Amino acid sequence: MKTSGSAWQRLAAAARHSPERNDDAAPFGFSTRIAALALAVEQPVEGVRVNPFWWRALGAALALMIVSIAANYSSISLTADGDLDPFDPVAEVLTTS
Amino acid sequence: MSDDVEAAFDLAACLDRVRARDQIAARELVEHLHPLVIRIVRAHLPRRVAEEDLAQEVFMKVFTRLGQFQGAVPFPHWVSRIAVTTCIDHLRAQKRRPEFRWADLSENEADMLDAVLTSENDVSVNDALAARELVAKLLEQLKPADRLVIQMLDLEQKTLLEISQLTGWSTSLIKVRAFRARRKLQKLFEQLQKKERS
């Protein structure tokens, strides 16, 4: 009885003689389908590129908001205290009626 | 792929066009890579999975991960590693048969197995197809990565270096997997011999 290792080697050697398939070319329409599917998918890399821009825009908007609040702080605080503008005609009509 | 075809196809330019989302370039890339991918897929195709479906999955992964390709290895090697990993994932997902049985073999396969178990002579080349089918059934008993290594080494007769380039595994790991696969096959043959005698 032969050793099992050589049995495998002889079997593998016999299998190597089986004819190889030669139809390696892509079937009709395959490449078109794959190209369409692949390019229809959103590239994740582009999302990563856009994100830093979004964060920068958000930071700039926040900075602008803080500057504008600081610049107009006095008028905002007056409105918050409930003081009326002495030259506001609408408020004058409302208080007299 | 012959060297002439390789030289005629400007892979770098094609990849640049694909990155710019050129559909014609994407089609050309698929056609260029298809022989490489389909050979890997056919050699490691799990049961009940169509080779075209598996090839499509490989190509979709290639296109999705194209941004990650840094050029550290040649592009065909990078693609073949994706193909190998995809095949291994599918082989892992399929349920392995619990036991290899004589009853599962066709008449030709059983004759072939009997011949290699009992005779010292080389098997006839005329029985190559039965041998190929029998080998495929035996390989199903191995772990997917071990099966892939033994297939490349003993059937495709690739060198350790070639397998390393195609899979990304070290040569030591490939040797370990080949040793493990051959030992498992040896046990399998011993069991079959006992059953045949009984």
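Helices (H or I, at least four residues) and strands (E, at least two) are taken here as DSSP runs, numbered from the N terminus. The structure is a predicted model, in which local features need pLDDT of at least 70 and side-chain atom pairs count only at pLDDT 80 or more, while totals for chains, interfaces and linings use all residues. Residues are numbered from 1 along each chain as its sequence is written, chains are lettered from A and ligands numbered from 1 in the order in which they are written, and side-chain values use heavy atoms, with hydrogens and water left out.

**Exercise 1. Place Gln151(B) in its chain, decide whether it is buried or exposed, and list its contacts beyond the local sequence.**

Step 1. Gln151(B) belongs to helix H8 of chain B.

Step 2. The classes are buried for under 20% relative accessible area, exposed for over 50%, and partly exposed in between, with a 1.4 Å probe and protein chains only. Because its relative accessible area is 7%, Gln151(B) is buried.

Step 3. A contact means heavy atoms within 4.5 Å. Once neighbours within four places in sequence are set aside, Gln151(B) touches Ala43(B), His44(B), Arg132(B), Leu139(B) and Glu156(B).

**Exercise 2. Describe the secondary structure and the accessible surface of chain B and of chain A.**

Step 1. Chain B contains ten helices and zero strands, and chain A contains five helices and zero strands.

Step 2. Of the 198 residues in chain B, 45% count as buried, whereas for the 97 residues of chain A the figure is 20%.

Step 3. Accessible areas come from the Shrake-Rupley method with a 1.4 Å probe, and for residues only the protein chains shown count as cover. Chain B exposes about 10400 Å², of which carbon and sulfur atoms supply 48%; chain A exposes about 7200 Å², with 67% supplied by carbon and sulfur atoms.

Step 4. Among the contacts in chain B between residues at least 6 apart in sequence, 63% join residues at least 24 apart.

**Exercise 3. Characterise the interface of chain B and chain A by its residues, its buried area and its polar pairs.**

Step 1. Chain B brings 51 residues to the contact and chain A brings 37 residues.

Step 2. Buried area is the accessible area (1.4 Å probe) that two parts lose on being put together, summed over both. For chain B and chain A this comes to about 3900 Å², 63% of it on carbon and sulfur atoms.

Step 3. A salt bridge is a side-chain nitrogen of Lys or Arg within 4 Å of a carboxyl oxygen of Asp or Glu. Three salt bridges are found across the interface of chain B and chain A, including the one in which Arg39(B) meets Asp24(A) at 2.8 Å, N to O.

Step 4. A polar contact is a pair of N or O atoms within 3.5 Å; within protein, one must be able to donate a hydrogen and the other to accept it, and residues adjacent in sequence count only if both atoms are side-chain atoms. Eleven residue pairs, both at pLDDT 80 or more, are in polar contact between chain B and chain A.

Step 5. On the side of chain B that touches chain A, the elements giving two or more residues are H3 (23–43), H4 (51–64), H6 (107–118), H7 (128–139), H8 (144–155) and H10 (171–197) of chain B. H3(B) gives the most, with ten residues.

Step 6. Ala, Val, Leu, Ile, Met, Phe, Trp, Tyr, Cys and Pro count as nonpolar, Asp, Glu, Lys and Arg as charged, and the others, Gly among them, as polar. The residues of that side of chain B divide into 26 nonpolar, ten polar and 15 charged.

**Exercise 4. Determine which parts of chain B are linked by the salt bridges of Arg17(B) and Arg182(B).**

Step 1. The whole structure holds 13 salt bridges over all chains. In one of them, Arg17(B) pairs with Glu28(B), their closest N and O atoms being 3.4 Å apart.

Step 2. Arg17(B) lies in helix H2 (residues 11–19) of chain B and Glu28(B) in helix H3 of chain B, so the pair ties together parts that are eleven residues apart in sequence. Arg17(B), at 33% relative accessibility, counts as partly exposed, as does Glu28(B) at 31%.

Step 3. Arg182(B) and Asp154(B) meet through their side chains in a salt bridge of 2.8 Å, N to O. This pair links distant parts of the chain, with Arg182(B) in helix H10 and Asp154(B) in helix H8 of chain B, 28 residues apart.

Step 4. Arg182(B) is partly exposed at 33% relative accessibility, whereas Asp154(B) is buried, with a relative accessible area of 6%.
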